Amino acid sequence: MTEHTLPDSLKTTFCGLEFSSPLVLLSGCAGFGEEYTRVAGFSNRDVGAVCLKGTTLKARLGNKPHRIFETPAGMLNAIGLQNPGVDHVVKHILPALDFSETRFIANVSGSTLEEYVEVTRRFDDSPIDAIEINISCPNVREGGVAFGNSPEMSARVVAACRKVTQKPLITKLSPNQTDIAENARRCLEAGSDAFAAINTLTGMAIDVETRKPVIGNMQGGLSGPAIKPMALLKVLQVYQVARSHQVPIIGQGGITTARDALEFLVAGASAVGVGTALFYDPLVCRKINAGIADFLARQRIQRVGDLVGTLDTDTLPLTLCAAG
Amino acid sequence: MHPKPHRGTIFLEDAEVLMQERFPGEQYVLRMRAPQCAASALPGSFIHVTCDATLPMRRPMSIMRVSNKDGWVECLYKVVGEGSRMLASRQRGDIVSSLGPIGQPFVLHPERPRLLLIGGGVGIPPMIFLADVLRHDARVQWNPLVLMGSEVPFPFKTRPSTILLPGMPDGVIGCMPLMEDWNIPSRLASQQDFPGCYSGFVTDLARHWLQPLDKNALAEVEVFACGPTPMLKAVAYLAQKLGVPSQVSLEEFMACAVGGCAGCTVEVRTENGPAMKRVCVDGPVFDGASVFPLS
């Protein structure tokens, strides 16, 4: 593989957008699209899309430190949606991005329904390729997961945003709810074009010496390999709702290797998100791309899309996927 | 398209461990081969290293010395947790993944050639790097003083200084031999009654040197510091009280270290009010008065 030419087998389409690879850099892990290019050898061309940092109507300072903490096979984070506000992003950040390198996806967050709508409206009037609705951020008091854990509220947010944009609308689903499939079904009816599953799981860590929470926000979102099995099942559950509507999923949660990515593709994800794994290996996307391409060649599969949703469930009890 | 000068400035290198030397107090000096990092690192730069494949996150470590010619970087760290404990078990010939150099370095101002360098504990390394750069800088006749504090034995054999230093309390004659070799005055502080060391905080020793200086002398002084947060705060306060600028190098838990996750931020006072700055790429060196304003 030459430096910036990925094999044709990795090409895929997502909501009508051409992706050079099924890999997507996840919101909150790659800043506003340029940060990782500081690393020599890293290229945005190695991924199909980059999800930009969660953006709100006004600038937010975010949470007090500590914002991150390593846990077994994972990490907690509670950034608190630090961002410069949508107008700054549209006016100053998007014009500096090179849209010939990859697709850029905005991540819309808010504390009220009106804020989600207004931020979506402003991104609609921008060169952004798609809009991800973040109704699953666990680290803010209002909005975020408070909306995302209620199928009714999730659907209302999606329906309202749907009215103000024709761009592909991706709903980022929370794992911190009883029935992710029901939530997906309601969001689908409300007009969601795609899903991202899953956001982080809520968790915490305690410093026993001081008896204080380690994370400044007390609770944070758990990511990394520790959550992969849970994420995989959630993706399968969402896929069972979304497949008949041809609504694609960005599967995400602890993906670190090509084999992890392949599992999500088989479970029904059309694209796969990479986040925490970047922190250990900033060039991990190249390795995952190469591993997926090798697998496809070995299995004589022409396009990565042909692998999506190919899980063999013939031998499984039908009740498995209905379990909350 | 806009120019993108930031691109490709941080290098991911499989760094061979060339030397790992243990000092009392579970302190280690680690030298590893990372030629691309060595070629562009500056005082204040840090590297983000893997300690073990079983840990999902890297650890940031400030750079103590580099050899561009021989392609190595050297760090001093203390075992404080699982990651540093695992790093301490790395031996000569092992490979550590190094991401660096990262961060905004210390900035020198030729109109302020009297430099007070204050290092506390594992905050000592950037001061050594800075001193090394100063002695090779032919543009300006820098006049540095290095003060170091530690509550565990210093990671070098101390000895009485042969460089006279006005303003120092009686008996404070212990120095770092490497600084002496470089003809740079240094003095040491500790609360552990180490011989030749000032008995107290390194910031109090700094006050002994700074306070007698008159206005004209202070106009030539700038303070550079790295160490524990309470020390940096004391340094920033002292500098502000005397009307002297200070630059402090901070640390915080860090995930990406390239500016992507905003996990390592610190609150900084700016013209436009408070802002959260990333320690990794906006820092680690910040204006002391912005991070620790007196009022």
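The largest cavity encloses about 490 Å³ of space. The model in which this cavity is found is a predicted one, and the structure holds two cavities of 30 Å³ or more. The lining of the largest cavity is made up of 37 residues, and those nearest its centre are Ser27(A), Cys29(A), Asn77(A), Asn199(A) and Thr200(A). Several elements of chain A take part in this lining: the strands β4 (49-55), β6 (74-77) and β16 (271-274) and the helix α8 (276-280) each contribute at least two residues. Among the contributors, α8(A) gives the most, with three residues. When the lining of the largest cavity is sorted by class, 19 residues are polar, 16 are nonpolar and two are charged.

The second largest cavity has a volume of about 30 Å³. Its lining consists of Gly41(A), Phe42(A), Ser43(A) and Asp46(A), together with Pro282(A), Leu283(A), Val284(A), Cys285(A) and Arg286(A). By class, five of these lining residues are nonpolar, two are polar and two are charged.

Attention now turns to the pockets. The second largest pocket has a volume of about 640 Å³. A total of 25 residues line this pocket, and both chains are represented among those nearest its centre: Gln82(A), Asn83(A) and Pro84(A) come from chain A, whereas Met276(B) and Arg278(B) come from chain B. At least two lining residues are supplied by each of two elements, namely α1 (86-93) of chain A and β16 (273-278) of chain B. The strand β16(B) accounts for the largest share of the lining, six residues. In terms of class, the lining of the second largest pocket comprises 10 nonpolar, nine polar and six charged residues.

The two chains also meet at an interface. In this interface, 37 residues of chain A are in contact with 36 residues of chain B. The area buried between chain A and chain B is about 3,100 Å², and carbon and sulfur atoms give 60% of that area. On the side of chain A, the residues that lose the most area to chain B are Arg38(A), Glu70(A) and Tyr280(A), which together provide 26% of what that side buries.

Two residues of chain B were examined individually. The first to be described, Ser150(B), is located in the loop that joins β8 (143-149) to β9 (159-160) of chain B. Ser150(B) counts as buried because its relative accessibility is 4%, which falls under the limit of 20%. A polar atom of the Ser150(B) side chain lies 2.6 Å from the backbone oxygen of Val152(B). When residues up to four places away in sequence are not counted, Ser150(B) touches Ala189(B), Ser190(B) and Phe194(B).

The other residue, His208(B), belongs to helix α5 of chain B, which spans residues 202-210. The relative accessibility of His208(B) is 33%, and the residue therefore counts as partly exposed, since this class covers values between the 20% limit for buried residues and the 50% limit for exposed ones. With residues up to four places away in sequence again left out, His208(B) touches Gly167(B), Pro169(B) and Tyr198(B). For one of these partners, Pro169(B), the separation from His208(B) is 39 residues in sequence, while the distance in space from C-alpha to C-alpha is 7.4 Å.

Methods
Residues are numbered from 1 along each chain as its sequence is written. Chains are lettered from A and ligands numbered from 1 in the order in which they are written. This is a predicted model: local features need pLDDT of at least 70, side-chain atom pairs count only at pLDDT 80 or more; totals for chains, interfaces and linings use all residues. Side-chain values use heavy atoms; hydrogens and water are left out. On a 1 Å grid over the protein atoms alone, a cavity is a set of points where a 1.4 Å probe fits but cannot get out, and a pocket is an open set with protein on both sides within 12 Å along at least five of seven lines; lining residues have an atom within 4 Å of a point. Grid points are joined across faces, edges and corners, and a volume is the space filled by probe spheres set on the points. Helices (H or I, at least four residues) and strands (E, at least two) are DSSP runs, numbered from the N terminus. Ala, Val, Leu, Ile, Met, Phe, Trp, Tyr, Cys and Pro count as nonpolar, Asp, Glu, Lys and Arg as charged, and the others, Gly among them, as polar. Buried means under 20% relative accessible area, exposed over 50%, partly exposed in between (1.4 Å probe, protein chains only). A polar contact is a pair of N or O atoms within 3.5 Å; within protein, one must be able to donate a hydrogen and the other to accept it, and residues adjacent in sequence count only if both atoms are side-chain atoms. Contact means heavy atoms within 4.5 Å. Buried area is the accessible area (1.4 Å probe) that two parts lose on being put together, summed over both.
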